[in-house]
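User: I'd like to know what stands behind the labels people put on a model like this one. Can you take me through some of them?

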Amino acid sequence: MSLPHAILTALLEKPSSGLELTRRFDRSIGYFWSATHQQIYRELGKLEQAGHIRALPAPVPARGQKKEYEVLPAGRAELAAWVEASEDPKPLRSALLLRMRAAAVVGGHGLRSELERHLALHQSQLDEYLDIEARDFPPARRTAEPDRLRHLVLRGGIDLERFWVGWLTHALAELPEVRNGGTARPTDVGHEA
């Protein structure tokens with residue numbers, strides 16, 4: 001049920017057209033709650049039908065003009081009720097961790113390269129989050145509550161990426177290297193041979 005709430009949040013931050021909303025998802029909310037453009041457009045229709053949002057009247061009516069949406073009082077009330085509700089954490093679902101468990105049974109050929117690929121992706125995402133933090137949340141801007149809360153969300157992403165970078169680095173150090181069809185012992189990380 002979180003996609004409609006993500007959309008309501010984004011529209012309360014700034015009324016937007018569907019296209020603008022999908023772009024904003026790609027640049028911000030999508031980092032922690034992803035949705036395809038098709039899902040966003042479908043959900044906009046449901047929210048409008050439920051009376052939670054409405055399309056703003058166009059200054060000049062024109063066929064094919066993009067609709068800009070705003071949140072109605074019922075949508076704000078729905079979002080406020082959702083914020084106040086409690087929800088248990090969801091169990092982690094990770095294809096990579098499942099793949100590692102399977103490798104323990106059938107062998108892990110190719111696992112090292114997949115772990116290295118994931119490490120590079122998480123490092124890249126961490127670097128991007130740190131750039132966003134430096135650009136959008138200088139210490140002087142972290143005093144207003146909306147900025148503090150947005151920064152905390154970003155810090156959650158930073159901490160998760162740091163976890164994955166650290167864990168993957170450790171996993172790679174523990175995983176034996178495969179050389180010429182044979183298995184070599186894991187190298188000591190931080191020590192030169």
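User: Why is glutamate 133 called buried or exposed, whichever it is?

Analyst: Glutamate 133 comes out at 11% relative accessibility. Buried means under 20% relative accessible area, exposed means over 50%, and partly exposed is in between (1.4 Å probe, protein chains only). So glutamate 133 counts as buried. Keep in mind that this is a predicted model, where local features need pLDDT of at least 70, side-chain atom pairs count only at pLDDT 80 or more, and totals for chains, interfaces and linings use all residues. Residues are numbered from 1 along each chain as its sequence is written, and side-chain values use heavy atoms, with hydrogens and water left out.

User: And what makes valine 153 partly exposed?

Analyst: Its relative accessibility is 43%, so valine 153 gets the partly exposed label. The residue sits in helix α7, residues 145–174; helices are DSSP runs of H or I with at least four residues, strands are E runs of at least two, and both are numbered from the N terminus.

User: How do you know that glutamate 13 and arginine 150 form a salt bridge?

Analyst: Their closest N and O atoms are 3.5 Å apart. A salt bridge needs a side-chain nitrogen of Lys or Arg within 4 Å of a carboxyl oxygen of Asp or Glu, so this pair makes the cut. Glutamate 13 is in helix α1 (residues 2–13) and arginine 150 in helix α7, so the bridge ties together parts 137 residues apart in sequence. Both also belong to a salt-bridge network with Arg24 and Asp147.

User: What separates arginine 112 and glutamate 116?

Analyst: About one helical turn, because they are four residues apart in helix α6. They form a salt bridge too, with the closest N and O atoms 3.9 Å apart. Arginine 112 counts as buried at 18% relative accessibility, while glutamate 116 is partly exposed at 40%.

User: Why are β1 and β2 edge strands in the sheet?

Analyst: The open sheet has three strands in the order β1-β3-β2, paired antiparallel. β1 (16–17) and β2 (53–55) each have a single partner strand, so one side of each is left without a neighbour in the sheet. Two strands pair if DSSP finds at least two bridges between them, and two bridges join β1 to β3 (residues 68–71), so that pair qualifies.

User: What links β2 and β3 through side chains?

Analyst: Arginine 54 in β2 and glutamate 70 in β3, 16 residues apart, are the linking pair. Their salt bridge has an N to O distance of 2.5 Å.
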